[in-house]
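Me: I am new to this structure and would like a close look at one part of it. Please take a single helix and its surroundings, and go through them in order.

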Amino acid sequence: MAIEMSNRETQASSSSNAEWIRPLSRPEAIDALIAGVDRYNPSNFTLLEAYVTSQVNDRTYDPLANLAILKLVQFNPDLVPQEEPAMIYTILLKAIAHQPFGSDYGLCLALLADRFSTLYSTQETLDIFRSLSHFSALLNARQFQQFWSELRAAEISAKLAPALSTVPSIEDILRESIARSVVSAFRSISLVRLNSWLGLSGDQVTAPLEAIIKSQGWSLDGHLIRLPTTPENDPKATLVKEEMALEKLSKLLRSS
């Protein structure tokens, strides 16, 4: 049996995996560090912590490096004080914002299992962890309108303020991630619907939406947004070929 696959789809998948494993933005020093046993050395925590800060400032994302930091914290809980878990918030928010539909957030939680206890976290921190997990679930289920509505509720905003303040650009990053999800399912979408999914309002092209249209290569057609054709939003029938030798066919017929 031979199955012909789209070269574009295969290349896109390979490129995405490579970027997850080794993003181009990762410095050589960090690459060497997380590839060896020094990733478990507590004395390297300050360097890795600074790298998380640089990801926030540059709006980049390095999941493997961030997971290495959480693994280091798992072995050395005192590296992150109970009262100031800002770096943990940052890593969780980066996972939610950059990969809201992937498994990154779940991988982070698996390494933070001990933190979901009053032995290592304050009640305020535990409440924030639960809220972040709730919002991650909403995004993963593509409940975008509910996500933005709850995120901006006064009570929730106040509760999450210590976490959200660690990633000032989180809303813009989330919009970009949601936009990529939209492309995988639509070839056109109304301005009203798109704005509601991006946490914007009305049927006008605001500055945040204009930036996304430009970066994604979309085009505006009245009150519709036209999206480029991709293997995901324009699926092609898969060609399946079955070849059977005459000898095998004869055996099959005799046994039936």
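Reply: What follows describes helix 7, then the residue just after it, and then the contacts that lead on from there. The model is predicted.

Helix 7 runs over residues 123-140. Its 18 residues reach 26 Å from the first C-alpha to the last, close to the 26 Å expected at 1.5 Å a residue.

Which residues of helix 7 are buried? They are T125, L126, I128, F129, S131, L132, F135, S136, L138 and L139. The cover over these buried residues includes helix 5, helix 6, helix 8, helix 9 (154-164) and helix 10.

D127 is also found in helix 7, and with a relative accessibility of 29% it counts as partly exposed. The side chain of D127 meets that of R130 in a salt bridge, 3.2 Å from N to O. Both residues lie in helix 7, three residues apart, which is about one turn of the helix. An α-helix has 3.6 residues a turn, so residues three or four places apart point the same way. R130 is partly exposed, with a relative accessible area of 48%. D127 can also be placed against K159: the two are 32 residues apart in sequence, and their C-alpha atoms are 8.1 Å apart in space.

Just after helix 7 comes R142, which takes a positive phi of about 60 degrees. The charged end of R142 sits over the ring of F101, 4.0 Å from the ring centre.

F101 leads on to the aromatic pairs, of which there are eight by the rule used. F101 and F144 form one that is edge-to-face, with 6.1 Å between the centres and 70 degrees between the planes. This pair links distant parts of the chain, 43 residues apart: F101 is in the loop between helix 5 (86-98) and helix 6 (104-111), and F144 is in helix 8 (residues 144-151). F101 counts as partly exposed at 24% relative accessibility, whereas F144 counts as buried at 4%. Another pair is formed by F186 and W197, whose ring centres are 5.6 Å apart; their planes stand at 65 degrees, so this pair is edge-to-face. F186 lies in the loop between helix 10 (170-183) and strand 2 (188-190), and W197 in helix 11 (residues 191-197), so the pair ties together parts 11 residues apart in sequence. F186 is partly exposed at 22%, while W197 is buried at 16%. Ring pairs link F101, F144, F186 and W197 into a cluster.

Helix 10 is among the elements covering helix 7. Helix 10 is itself mostly covered, with 10 of its 14 residues buried; among them are I170, I173, L174 and R175. Its end C-alpha atoms are 20 Å apart, which agrees with the 20 Å that its 14 residues should span at 1.5 Å a residue.

Two salt bridges involve helix 10. R175 pairs with D172, the closest N and O atoms being 3.2 Å apart. These two residues are three apart within helix 10, about one turn; R175 is buried at 6% relative accessibility, and D172 is partly exposed at 35%. E171 forms a salt bridge with R152 at 3.1 Å between the closest N and O atoms. This pair links distant parts of the chain, since R152 is in the loop between helix 8 and helix 9, 19 residues from E171 in helix 10. Both are partly exposed, E171 at 28% and R152 at 39%.

Technical notes
Residues numbered from 1 in each chain as written. Predicted model: local features only at pLDDT ≥ 70, side-chain atom pairs only at ≥ 80, totals over all residues. Heavy atoms only, no water. Phe/Tyr/Trp six-rings, centres within 6.5 Å; stacked < 30°, edge-to-face > 60°. Helix = DSSP H or I, 4+ residues; strand = E, 2+ residues; numbered from the N terminus. Buried < 20%, exposed > 50% of the residue type's maximum accessible area, 1.4 Å probe, protein only. Lys NZ or Arg CZ within 6 Å of the ring centre and 35° of its normal. Expected span 1.5 Å × (residues − 1). Contact = heavy atoms within 4.5 Å. Salt bridge = Lys/Arg side-chain N within 4 Å of Asp/Glu carboxyl O.
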